[in-house]
Amino acid sequence: MGTDDRRVAAVVVGAGTAGLNAALQLARRGLSVTVVESRPLGEGGARWDNGVLAWQYARAGLAPPTADEVHTGTGRTFLLGPADAGPVVVESPTEHADMRRLNDRLVALCRAERVDFLDRARDVSVELVDGRVRALALSAAPPDAAEAAPVRLEADLFVDAGGRRGVLRSQVPELAAWCPPVGRDVLCTASQFMLDVADADGARAFLDGHGATPGDGVTWVGLDGGFSALAVGVAADLGEVSVLTGAIASGEWGSGRTILDRFRGANPWIGEPRYGGDGLIPLRRPYARLGASGVALVGDAACQVFPAHGSGIGTGLMAGAVLAEQVGGAADPGADGALWAYQTAYHREHGGTLAAYDTFRRCNSAVGTDGVRRMFESGLFTADMGGSGLEQRWDEPSAAQSLSATRAYARDPGLARAMLPWLARCAVASRLGAAAPAEPDLGALRRWDRRLARVVGG
Ligand SMILES: Cc1cc2nc3c(=O)[nH]c(=O)nc-3n(C[C@H](O)[C@H](O)[C@H](O)COP(=O)(O)OP(=O)(O)OC[C@H]3O[C@@H](n4cnc5c(N)ncnc54)[C@H](O)[C@@H]3O)c2cc1C
């Protein structure tokens, strides 16, 4: 069988949300784009419900979720600590949408922009010329073809959107050196399932027990280690329930699935699963180097994830918009200068927030379950703090918030000693994380990355 030789402006590897939006935004700027996916087309990326924010869709160049994407709406979130400390009640800004339907929407939008797809791809390998990726060799099939065949794709720009492990970055020596694999102590093991409500009275009693009503969410933080969550959202019509769980994947805690099963076992009003899934999420700040030698990284492949709760959809979707803005008009979108501009723009826009919350996530892990309980009991954990985290924004505390924190620390001086050094580091990380060097200079980037590592930890 002969090789199918093709040439396009950009090839995106990975048809999850980050890769599809990168393809869409590049195509909207006039680039010819091919997307390569290892699964059958339409089955890529997250296959469960994820929380995404309205401002993230807008910044990513996308319309808000359609009615068929949204399952549980934005009610109130009742945030609880270990031993049911709290609740702190927050008006949730988060839209919980079915990622399978978002994936369908992105594929349809890409097709309307004449993006080509090759699915069921195997053995994707890069061809380097003078250190720069110039082509990919793979075996794949167009979505309507039965048989996979050898394909060779030449392009100016290759986008690694292959998820947590990446596909291209480890094959490019210049990038591999900057993108070490993420260890299990910095990975979140997560599960999310939509399940039937088998007993509406039982669901109502569960909500009543926390002062919540149908349509609200009840979320525990800190039950399985300082970084951990168990979020339960009962639909307003009491027809279905979303359960999301997550904990650090070091093995010290249960997996996302075992935490979910434990909750189901204790709550027999929850019925059978409708759909959902499990996975590992990188929790570190984005890699310093987001592109080199003809390759850009987006999404989990770049660690573009909000670390405090492992949310990577919005941060990955927005990367596609930033990438297209920076390289879309360049004569050579894969040139080092264009990719450096993407890297700088992403860090300047999102790097401060992600570095601050990477530090905050490490603080929560360090103070542990007991520390999180004391944050609730002392009054340190407030609706403002919970709201900023859910909104994925880093806010310097106002005078009123500082006064409230001072009172909380007076109630628990030991907590103050444990938390304050971390919170000072968060503030430094929020500024330093956004200060990536604008001029191409690997020495300056290395110095910035090392300074940031000292502040954030890890
Ligand atoms: C249970 C769970 C719940 C979560 N909840 C939330 C949430 O509420 N909010 C939120 O924002 N985030 C959440 N996340 C995180 C979010 O799902 C991820 O950050 C996001 O899916 C990453 O998108 P991506 O496109 O970068 O990567 P992925 O979704 O991993 O997509 C990568 C794609 O690349 C393809 N691929 C891999 N290897 C190859 C190869 N060799 N060749 C071709 N294609 C390849 C894969 O098949 C896949 O389709 C959750 C994660 C989990 C596991």
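Reader: Where in the chain is R114 found?
Author: In this predicted model, R114 sits in the loop between α3 (99-112) and β8 (116-129).

Reader: Why is R114 called exposed?
Author: The relative accessibility of R114 is 74%. The term exposed applies over 50%, so R114 at 74% counts as exposed.

Reader: What is notable about the phi of R114?
Author: Phi of R114 is positive, near 65°, and the residue is not a glycine. Most residues other than glycine have a negative phi.

Reader: Which value makes L238 a similar entry, and where is L238?
Author: L238 also has a positive phi without being a glycine, at about 60°. Its place is the loop between β14 (228-234) and β15 (240-248).

Reader: Why is L238 called buried?
Author: The relative accessible area of L238 is 9%. Buried means under 20%, so L238 at 9% is buried.

Reader: Why is S32 called partly exposed?
Author: S32 has 37% relative accessibility. That value is neither under 20% nor over 50%, so S32 falls in between and counts as partly exposed.

Reader: Where does S32 lie, and what is it in contact with?
Author: S32 belongs to the loop between α1 and β3 (33-36). Apart from neighbours within four places in sequence, its contacts are V8, A9 and A10.

Reader: What makes the pairing of S32 with A9 a polar contact?
Author: The side chain of S32 reaches the backbone nitrogen of A9 at 2.9 Å. The cut-off for such a pair of N or O atoms is within 3.5 Å, so 2.9 Å passes.

Reader: How far is S32 from A176?
Author: The C-alpha atoms of S32 and A176 are 27 Å apart in space, and the two residues are 144 residues apart in sequence.

Reader: Why is T315 called buried?
Author: T315 has a relative accessible area of 4%. Since that is under 20%, T315 is buried. T315 is part of helix α7 (residues 313-327).

Reader: What is T315 in contact with, leaving aside its neighbours within four places in sequence?
Author: The contacts of T315 are Q56, Q304, V305, F306, Y346, L354 and Q392. With Q304 there is also a polar contact, in which the side chain of T315 reaches the backbone oxygen of Q304 at 2.6 Å.

Reader: Which residue follows α9, and what is its phi?
Author: Q392 follows α9, with a positive phi near 55°.

Reader: Which residues of α9 are buried, and what covers them?
Author: G386, G387, S388, G389 and L390 are buried in helix α9 (residues 383-391). Their cover includes β4, β5 (76-80), β6 (88-91), β7 (94-98) and α8 (336-378).

Reader: How do you know that the peptide bond between G86 and P87 is cis?
Author: Omega of the bond joining G86 and P87 is about 10°, and the bond is cis. Most peptide bonds are trans. P87 is in the loop between β5 and β6.

Reader: What makes E37, R39 and D300 polar contacts of the ligand?
Author: A polar side-chain atom of E37 is 2.6 Å from an oxygen atom of the ligand, and one of R39 is 3.1 Å from an oxygen atom of the ligand. For D300, an N or O atom of the side chain is 2.7 Å from a ligand oxygen. The limit is within 3.5 Å, so each of these pairs qualifies.

Reader: How much of the ligand is covered by the protein?
Author: Of the 1000 Å² of accessible area that the ligand has on its own, the protein covers 88%.

Reader: How many residues surround the ligand, and of what kinds are they?
Author: The shell has 34 residues, and E37, G45, N50, G51 and D300 are the closest. By kind, twelve are nonpolar, 18 polar and four charged.

Reader: Which elements and domains supply the shell?
Author: α1 (17-28), β4 (49-53), β12 (187-197) and β16 (270-282) each give at least two residues. The largest share, four residues, comes from β16. Domain 1 (4-50 + 101-182 + 284-350) and domain 2 (184-282) each provide at least three residues.

Reader: How far apart are domain 2 and domain 3?
Author: Their C-alpha centres lie 26 Å apart. The contact takes ten residues from domain 2 and eight residues from domain 3.

Note on methods
Residues are numbered from 1 along each chain as its sequence is written. This is a predicted model: local features need pLDDT of at least 70, side-chain atom pairs count only at pLDDT 80 or more; totals for chains, interfaces and linings use all residues. Side-chain values use heavy atoms; hydrogens and water are left out. A residue is near a molecule or strand if one of its heavy atoms lies within 4 Å of it. A polar contact is a pair of N or O atoms within 3.5 Å; within protein, one must be able to donate a hydrogen and the other to accept it, and residues adjacent in sequence count only if both atoms are side-chain atoms. Accessible areas come from the Shrake-Rupley method with a 1.4 Å probe; for residues, only the protein chains shown count as cover. Ala, Val, Leu, Ile, Met, Phe, Trp, Tyr, Cys and Pro count as nonpolar, Asp, Glu, Lys and Arg as charged, and the others, Gly among them, as polar. Domain bounds come from an automatic or database domain assignment. Buried means under 20% relative accessible area, exposed over 50%, partly exposed in between (1.4 Å probe, protein chains only). Contact means heavy atoms within 4.5 Å.
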